[in-house]
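Trainee: I have a chain to go through with you. Could we take it topic by topic?
Mentor: Certainly; please bring it up.

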Amino acid sequence: MLEPAEVLLTGQWVSRDARIVADATCERILTLTRKYLVEIARDASGWEALYRDPADSRLWELTYPQGELHGGGPPQLRTISYEHAQVKYTFPSS
């Protein structure tokens, strides 16, 4: 779950045993987006996604701010306002 004070989770890729691997924050973001948050929209590219927290209805945006890296780089999950989400995403009809 996400704590009420959390507004930004930024994953990192780290070197471990001569390999580049996802850190614990990357793993947490993956778990949150697969098992907890509810996906409600994707941007036109399909890379960025909008999620809703079922506990408090906050909107969370999944992005890859280091997109120039192989595979899009590590993920970032941050809260965004409903107004910002309306500009960037197309919401499904209710």
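Trainee: What area does the chain expose, and what share of it do carbon and sulfur atoms supply?
Mentor: The chain exposes about 6,000 Å², and carbon and sulfur atoms supply 53% of that area. Accessible areas come from the Shrake-Rupley method with a 1.4 Å probe, and for residues only the protein chains shown count as cover. Please note that this is a predicted model: local features need pLDDT of at least 70, side-chain atom pairs count only at pLDDT 80 or more, and totals for chains, interfaces and linings use all residues. Residues are numbered from 1 along each chain as its sequence is written, and side-chain values use heavy atoms, with hydrogens and water left out.

Trainee: How many helices and strands are there?
Mentor: The chain has two helices and seven strands, in the order β-β-β-α-β-β-β-β-α along the sequence. These are DSSP runs numbered from the N terminus (helices: H or I, at least four residues; strands: E, at least two).

Trainee: What percentage of the residues is buried?
Mentor: Of the 94 residues, 36% count as buried. Buried means under 20% relative accessible area, exposed over 50%, and partly exposed in between (1.4 Å probe, protein chains only).

Trainee: Which residues make up the largest nonpolar core?
Mentor: Eleven residues make it up, including Leu2, Ile29, Tyr36, Trp60 and Leu77. A nonpolar core is a set of buried Ala, Val, Leu, Ile, Met, Phe, Trp, Tyr and Cys residues joined through side-chain atoms within 4.5 Å.

Trainee: Which element gives the most to this core?
Mentor: Helix H1 (24-36) gives the most, with three residues. Strands E5 (49-52) and E6 (59-63) also give two or more residues. Another core, of seven residues, lies apart from this one, and Ala41, Leu59, Ala85 and Tyr89 are among its members.

Trainee: Back to Trp60: what is it in contact with, neighbours within four places in sequence aside?
Mentor: The partners of Trp60 include Leu2, Glu6, Leu37, Tyr51 and Arg78. Contact means heavy atoms within 4.5 Å.

Trainee: New topic. How many aromatic pairs does a search of the whole structure find?
Mentor: The search finds one, formed by Trp47 and Tyr64, which is edge-to-face at 5.8 Å centre to centre and 80° between the planes. Rings of Phe, Tyr and Trp (its six-membered ring) pair if their centres lie within 6.5 Å; planes under 30 degrees apart count as stacked, over 60 as edge-to-face and the rest as tilted.

Trainee: Where do Trp47 and Tyr64 lie?
Mentor: Trp47 lies in the loop between strand E4 (38-42) and E5, and Tyr64 in the loop between E6 and strand E7 (76-80), so the pair ties together parts that are 17 residues apart in sequence. Tyr64 is partly exposed, with a relative accessible area of 25%.
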